Amino acid sequence: MKKFIAIITMLAPLVLWAQQDGMINQMTMNKVTLNPGYAGYREKPVLMVAHRQQWVGFKGAPHTSVLSFDMPFKKKKELAVGASLIQTKMGPASKTELNAYAAVRVRLSNRSVISWGLTAGARMYQVNLVGLKAYSENLGQQDDALMYNTKGYITPNVGVGCFYYNAKGYFGASLPRLVNANSVSKHKAESQNFISSPGSTLYLIGGTAKKINKKISMTYNGFFMGSFNSPVSVGGYVTCVYDKNYTFGAYYAFAENAGLIFQAQINRDFKIGYTYDLSTNGLIRANYGSHEFSLSYAFKSMLYRVSFPRLF
């Protein structure tokens, strides 16, 4: 029981972009899973897959897989849509999330756009409590609260977001989860506590780019995440973009983790990414860091001409 409580306790302050969600640092490739207003930003259909193995060497550590897609409409360029499938497993608990995104984009000038987005989806929770070996220290008996599994408990979700961008930078604000649905076991009478009571989480992201010369550009990005009765997460990352094809950088989340990020444009369509980070708190003594891999495929542009490079 102590090991199980320890795992749940350490998962409570889990961050990069949300305490209640899996961590994906390669969100620099596609921010649509955080902010629906980002849909269509690249002005072409983009398909991305990513997988994060967190806290290598720590038994029951989280791992997250993401499949996302977004695109603008060809004829009605002010509209964009997207979708994502997210699978997270943490110890005995797993969560599968399916979301759809829609955005209305308002062009403020030839080089600046503000986009309003909406998220609609559902989450399915499963917990294998029966597989845990948890005994009472005083009575030497199995804990009755862990004698029932929860399979396929589904909660709905809606969210909103706003994303502004121009040739020099961007700013986004979103509440991707507005439905506060308490997840309870199907066997509520026997097991009164389950995993999760997801609440609304505010995400603020922003960044700017500076061109050093014809081949090198620097980007500076910051993020803030906060929800009611939970610690806030604050941090940022800096990247160097070389020849529009190679990105190197580093990121830091205050009192949480720090790491390196790399992305490479293999050809006109494919882009790969990798990050490695280490905990900057007490967890550093219990794991060997976290690895993350991503791959994106950009289809042919929906527009004849993109007015400025999409560095974010």
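1. Contacts across the sequence. In this predicted model, if one takes the contacts between residues at least 6 apart in sequence, 55% of them join residues at least 24 apart. The secondary structure in which these contacts are set comes to one helix and 14 strands.

2. Burial and surface. Of the 312 residues in the protein, 46% are buried. The protein exposes about 15900 Å², and carbon and sulfur atoms supply 63% of that area.

3. The largest nonpolar core. This core has 18 residues, and those with the most contacts inside it are Tyr41, Phe163, Tyr165 and Tyr170. The elements that give two or more residues to the core are strand S4 (93-109), strand S6 (150-166) and strand S11 (246-253).

4. An aromatic cluster. Tyr41, Phe163, Tyr165 and Tyr170, named above for their contacts in the core, also belong to one aromatic cluster, in which they are joined by Tyr38. At Tyr170 there is a further feature to look at, since the charged end of Lys31 sits over the ring of Tyr170, 5.0 Å from its centre.

5. The surroundings of Tyr41. Which residues is Tyr41 in contact with, leaving aside its neighbours within four places in sequence? They are Asp70, Arg105, Phe163, Tyr165, Arg310, Leu311 and Phe312, and two of these, Phe163 and Tyr165, are members of the aromatic cluster together with Tyr41.

6. A pair of rings. The structure holds twelve aromatic pairs. One of them is formed by Phe69 and Phe299, whose ring centres are 6.4 Å apart and whose planes stand at 80 degrees; an angle over 60 degrees counts as edge-to-face, so this pair is edge-to-face. Because Phe69 lies in strand S2 and Phe299 in the segment after strand S14 (290-298), the pair ties together parts that are 230 residues apart in sequence.

7. Exposure of the two rings. Are Phe69 and Phe299 buried, exposed or partly exposed? Phe69 has a relative accessibility of 27% and therefore counts as partly exposed, and Phe299, at 34% relative accessibility, also counts as partly exposed. Both values fall between the limits, since buried means under 20% and exposed means over 50%.

8. Met71 in strand S2. Strand S2 (residues 63-72) is also the place of Met71, a residue that is partly exposed because its relative accessible area is 21%, whereas a buried residue would have to be under 20%. The C-alpha atoms of Met71 and Ala83 are separated by 9.6 Å, and these two residues are twelve residues apart along the chain.

Conventions
Residues are numbered from 1 along each chain as its sequence is written. This is a predicted model: local features need pLDDT of at least 70, side-chain atom pairs count only at pLDDT 80 or more; totals for chains, interfaces and linings use all residues. Side-chain values use heavy atoms; hydrogens and water are left out. Helices (H or I, at least four residues) and strands (E, at least two) are DSSP runs, numbered from the N terminus. Buried means under 20% relative accessible area, exposed over 50%, partly exposed in between (1.4 Å probe, protein chains only). Contact means heavy atoms within 4.5 Å. Accessible areas come from the Shrake-Rupley method with a 1.4 Å probe; for residues, only the protein chains shown count as cover. Rings of Phe, Tyr and Trp (its six-membered ring) pair if their centres lie within 6.5 Å; planes under 30 degrees apart count as stacked, over 60 as edge-to-face and the rest as tilted. A charge sits over a ring if NZ of Lys or CZ of Arg is within 6 Å of the ring centre and within 35 degrees of the ring normal. A nonpolar core is a set of buried Ala, Val, Leu, Ile, Met, Phe, Trp, Tyr and Cys residues joined through side-chain atoms within 4.5 Å.
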